[in-house]
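Here are my notes on this one, point by point. Have the model open while you read.

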Amino acid sequence: MLNLFHFLTIAMAINLSSWKSTIPVMIFGMVGIFIVIGVIIIATYLINKAFSKKKKDTDDK
């Protein structure tokens, strides 16, 4: 059992020097995701504005 624990701790070691190259890639990917979501939201808003029917006020009181 101790050998298995020792193997798992070695296999899950954190290599801090690799973070220097992976963090910028992750940040770039996250920014890209937010930009794409923003474009989808803006496109949906504009399409809704362009094709929505105007409601008429029919207050005949």
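1. A definition to start: patches are made of residues with over 30% relative accessible area and no salt bridge (a side-chain nitrogen of Lys or Arg within 4 Å of a carboxyl oxygen of Asp or Glu), with like charges joined within 9 Å and nonpolar side chains (Val, Leu, Ile, Met, Phe, Trp, Tyr) within 5 Å. Areas come from the Shrake-Rupley method with a 1.4 Å probe, and for residues only the protein chains shown count as cover.

2. Bear in mind that this is a predicted model: local features need pLDDT of at least 70, side-chain atom pairs count only at pLDDT 80 or more, and totals for chains, interfaces and linings use all residues. Residues are numbered from 1 along each chain as its sequence is written, and side-chain values use heavy atoms, leaving out hydrogens and water.

3. The protein has two helices and zero strands; these are DSSP runs, numbered from the N terminus (helices H or I, at least four residues; strands E, at least two).

4. How many of the 36 residues of α2 are buried (under 20% relative accessible area; exposed is over 50%, partly exposed in between)? Zero.

5. A nonpolar surface patch of about 980 Å² includes Met26, Met30 and Phe34. Methionine 30 sits in helix α2 and counts as partly exposed because its relative accessibility is 43%.

Conventions:
Buried < 20%, exposed > 50% of the residue type's maximum accessible area, 1.4 Å probe, protein only.
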